[in-house]
Amino acid sequence: MNKLVQIFEQTFHAQPEVIASAPGRLEILGNHTDYNEGFVLSCAVDQRTTALMRKTSGNMAVIYDERADSYARIDLNDLALPITPKWAGYPAGVVSELKKRNFAVGGFEAVISSTVPLSAGMSSSAAFETAVLFALQKLYGLDIPPADSARIGQGVENNFLGLKTGLLDQFSSIFGVENAFILSDFRSVEVLKSVTMQPGASILVVNSMEKHNLVDSEYNTRRAACESAAAKLAERHDGVKTLRDVSMELLDSEKNILTDEEFRRAKHVVGECTRVMQAVDLLAQNNVAGFGQLWWESHESSRINFENSTPALDKLIEISRTLPGALGARLSGGGFGGISIHLVQDRYLEEYQKQISALYKEYCRITPETIICHPGAGASAQQLK
Ligand code: GLA
């Protein structure tokens, strides 16, 4: 933090007034369930984005992104796209969403710094939006309930960047709990409970190093298929609004009214909601092996039903099945590249890391980035002076 304050002072010849920090997240189970009003088990991580800010008069935002070593000057009275450089679209989007909700924000100067891997599936964008939003809230004294803060971040993705993502990323970044997973319900939009895992196993993130770019990906078409499947089922079944309301039995019995694609997309979502609830039960019984097994099942469903995996991610999961200490592995987040998460017994962790790196490199000549992740605390902001 001291280094960042120094950078702020050197950049703006003034002291920052507030500091905010927001973590990346891992989706543990519950893939593409959030926008279907389903359940997700997720956690915030130790990797965080930090924003230092001070108010300025006028209507300009001047932001220095330390990681990109890049500046942005944004006219807050003219937030029409395109905003350059590209990353400045996030803070611009936050201001735009705040204005839409009649929150008054004026000019500011900011330094942003982040340790959340970019475009990998750990929600670097949600961490960015949330850190900026929390800093602005503190700076301008805006009283926004946390769930609405998550909606503002989601609004940036949906309205500003054109990506129809759900609430999971911002929600996990805001509501994350140290050393625990959170079970969220995206119908009532609340955290139902935090869930702990007994010691002895750790989460290893293995990045396939294929950048996933959700805007260019098929995220929106996956969402559309889920919604059209739900609409067809809703026509014939009272009480069905979204895939959250559909059981596997109901889905199987109505297979013939859905296209093959709708059926498989829905099967993934319905299966994921079930696996989330099974996971919570298994963790309560300290059955970490059973919990990990669900990760492999989830990945298999991504591969076959949701088709949001890639050959590289499949390779990482295939390798995981051959390694000592492996309890489970799956893609995590939107998919179409990015990271996989591996549940590994602690005593094998180092060896596992070495072996998966070597075997993946043999396969595609790229050394994957590996990160041991701990569930971390959610976003926060503080006044500095
Ligand atoms: C991305 C989206 C989330 C969620 C996940 C898949 O991370 O931003 O809203 O849909 O994909 O579970």
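Start by selecting Q137, which sits in helix 3 (residues 124–140); helices here are DSSP runs of H or I with at least four residues, strands are runs of E with at least two, and both are numbered from the N terminus. This is a predicted model, where local features need pLDDT of at least 70, side-chain atom pairs count only at pLDDT 80 or more, and totals for chains, interfaces and linings use all residues. Residues are numbered from 1 along each chain as its sequence is written, and side-chain values use heavy atoms, with hydrogens and water left out.

Stay on Q137 for a moment. Its relative accessible area is 12%, so Q137 is buried (buried means under 20% relative accessible area, exposed over 50%, partly exposed in between, with a 1.4 Å probe and protein chains only). Show its contacts (heavy atoms within 4.5 Å): setting aside neighbours within four places in sequence, Q137 touches L142, I144 and S149.

**Helix 2**

Next, select residues 89–100, which make up helix 2. How far apart are its end C-alpha atoms? They are 16 Å apart, which agrees with the 16 Å that 12 residues should span at 1.5 Å a residue; the expected span is 1.5 Å times one less than the number of residues.

Nine of the 12 residues are buried, so helix 2 is largely enclosed by the rest of the structure. Colour them if you like: G89, P91, A92, G93, V94, V95, S96, E97 and L98. What do they pack against? Turn on strand 3 (60–65), strand 4 (70–75), strand 5 (107–114), helix 3 and helix 4 (146–160), and you have the partners of those buried residues. Just after helix 2, click on N102, which has a positive phi, near 65 degrees.

**Salt bridges**

Side chains of opposite charge can pair when their charged atoms come close. The whole structure has 21 salt bridges, each a side-chain nitrogen of Lys or Arg within 4 Å of a carboxyl oxygen of Asp or Glu. Here are a few stops.

Pick R244 and D185: their closest N and O atoms are 2.8 Å apart, in a salt bridge. This pair links distant parts of the chain, with R244 in the loop between helix 6 (219–236) and helix 7 (248–253) and D185 in strand 6 (residues 181–185), 59 residues apart. R244 is partly exposed at 23% relative accessibility, whereas D185 is buried at 7%.

Now move to E262 and K232, another salt bridge, with 2.8 Å between the closest N and O atoms. E262 belongs to helix 8 (residues 260–284) and K232 to helix 6, so the pair ties together parts that are 30 residues apart in sequence. E262 is buried, with a relative accessible area of 8%, while K232 is partly exposed at 29%.

Then jump to E272 and R330, whose side chains meet in a salt bridge at 3.8 Å, N to O. With E272 in helix 8 and R330 in strand 9 (residues 326–331), the pair joins parts 58 residues apart in sequence. E272 is buried at 0% relative accessible area, and R330 is buried at 0% as well. Add E27 and R275 to the selection: E27, E272, R275 and R330 are linked in a network of salt bridges.

**The ligand**

Keep E27 selected and bring up the ligand. Of the 13 residues around it (a heavy atom within 4 Å), E27, H32, D34, D169 and Y219 come nearest. Which polar contacts should you draw? Try these (pairs of N or O atoms within 3.5 Å; within protein, one must be able to donate a hydrogen and the other to accept it, and residues adjacent in sequence count only if both atoms are side-chain atoms):

- E27: a polar side-chain atom lies 2.5 Å from a ligand oxygen.
- H32: a polar backbone atom is 2.7 Å from an oxygen of the ligand.
- D34: a side-chain N or O atom is 2.5 Å from a ligand oxygen.

Finish with a surface view: the protein covers 98% of the 300 Å² of accessible area that the ligand has on its own (Shrake-Rupley method, 1.4 Å probe; for residues, only the protein chains shown count as cover).
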